[in-house]
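Here are a few exercises to work through with the model open beside you. Try each task before you read its solution.

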Amino acid sequence: INSYWLLGFVEGDGSWIVDKKNYSLIFSIAQSAKDLELMNAIKFYINNLNSQFKDIVSLGTYQEDSLASMVNLNITKTDAISQVLVPLFSNMMWFSKKEMDFADWVYVLELKKLGLHHTEEGVKMIDRIISQMNNNRLSTSSRPSVDRDLLLLYLKVMLEGGSNYE
């Protein structure tokens, strides 16, 4: 496993999730339990990307239905997301719409770092971002999209001290 192999795998089977209850970030890959050895190899690779972070990946198995057993790889620790996943995937060449899901996921991370998930304006912005992620990004979706240029400008202003939020 190397970084581009992992990116290709993530583009096919990875998920960038924002929990709507508390806006926690989750990176997830789900596979058949028959692929447990592969999922352990991915876990090992990610856990060894940054010596500051060990055991950032959790693996769990579950029964999807009466026939299929699944294994799920998750990363939920914000520091590990910021310092391992974001740098890993930010500078790579993507080949699918999942790049936009990843970018939106990172925007939510940045809004949370600013504490804006505790404000009415921030919650509205995060909810708008979430509403266009994953299958809502498909061309058949009628949901309004986020103006990325405006969002980047807003984040830049906030990061330069334009916020009184803690």
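Read along the sequence, the chain runs α-β-β-α-β-β-α-α-α-α, giving six helices and four strands; these are DSSP runs, H or I of at least four residues for helices and E of at least two for strands, numbered from the N terminus. The model is predicted, with local features requiring pLDDT of at least 70 and side-chain atom pairs pLDDT 80 or more, while totals for chains, interfaces and linings use all residues. Residues are numbered from 1 along each chain as its sequence is written, and side-chain values use heavy atoms, without hydrogens and water.

**Exercise 1. The sheet**

Task: work out the order in which the four strands form the sheet, and find its edge strands.

Solution.
- Step 1: The sheet is open, with the order β1-β2-β4-β3 and antiparallel pairing. Two strands count as paired if DSSP finds at least two bridges between them.
- Step 2: β1 (14-18) and β3 pair on one side only, which makes them the edge strands.
- Step 3: From one strand to the next, the twist averages 30°. Axes here are lines fitted to C-alpha atoms, for helices over the stretch in contact, and angles between N-to-C directions run from 0 to 180 degrees.
- Step 4: Helix α2 packs on this sheet and touches β2, β3 and β4, its direction making about 5° with that of β4. A contact means heavy atoms within 4.5 Å.

**Exercise 2. The surroundings of β4**

Task: trace the bridge partners of β4, then decide whether this strand is largely enclosed or not.

Solution.
- Step 1: On one side, β2 (residues 25-32) pairs with β4 in the antiparallel sense over six bridges. Ser 28 has Asn 74 as its bridge partner, and Ser 32 has Met 70.
- Step 2: β3 is also antiparallel to β4, again through six bridges. Here Ser 58 stands opposite Asn 74, so look for Asn 74 between the two serines, Ser 28 and Ser 58.- Step 3: β3 and β4 form a hairpin with five residues between them.
- Step 4: Six of the seven residues of β4 (residues 69-75) are buried, so the strand is largely enclosed by the rest of the structure. Buried means under 20% relative accessible area, exposed over 50%, and partly exposed in between, with a 1.4 Å probe and protein chains only.

**Exercise 3. Two positive phi values**

Task: compare Tyr 23 and Asp 55; which is buried and which is exposed?

Solution.
- Step 1: Most residues other than glycine have a negative phi.
- Step 2: Tyr 23, in the loop between β1 and β2, has a positive phi of about 60°. Asp 55, in the loop between α2 and β3, has a phi near 55°.
- Step 3: Tyr 23 is buried, because its relative accessible area is 8%. Asp 55 is exposed, with a value of 55%.

**Exercise 4. The surface**

Task: find which residues form a nonpolar patch with Phe 95.

Solution.
- Step 1: Phe 95 sits in the loop between α3 (78-90) and α4 (98-113). Its relative accessibility is 69%, so Phe 95 counts as exposed.
- Step 2: Tyr 4 and Met 93 join Phe 95 in the patch, with about 410 Å² of accessible area together. Accessible areas come from the Shrake-Rupley method with a 1.4 Å probe, and for residues only the protein chains shown count as cover.
- Step 3: Patch residues have over 30% relative accessible area and no salt bridge; nonpolar side chains (Val, Leu, Ile, Met, Phe, Trp, Tyr) are joined within 5 Å, like charges within 9 Å. A salt bridge is a side-chain nitrogen of Lys or Arg within 4 Å of a carboxyl oxygen of Asp or Glu.
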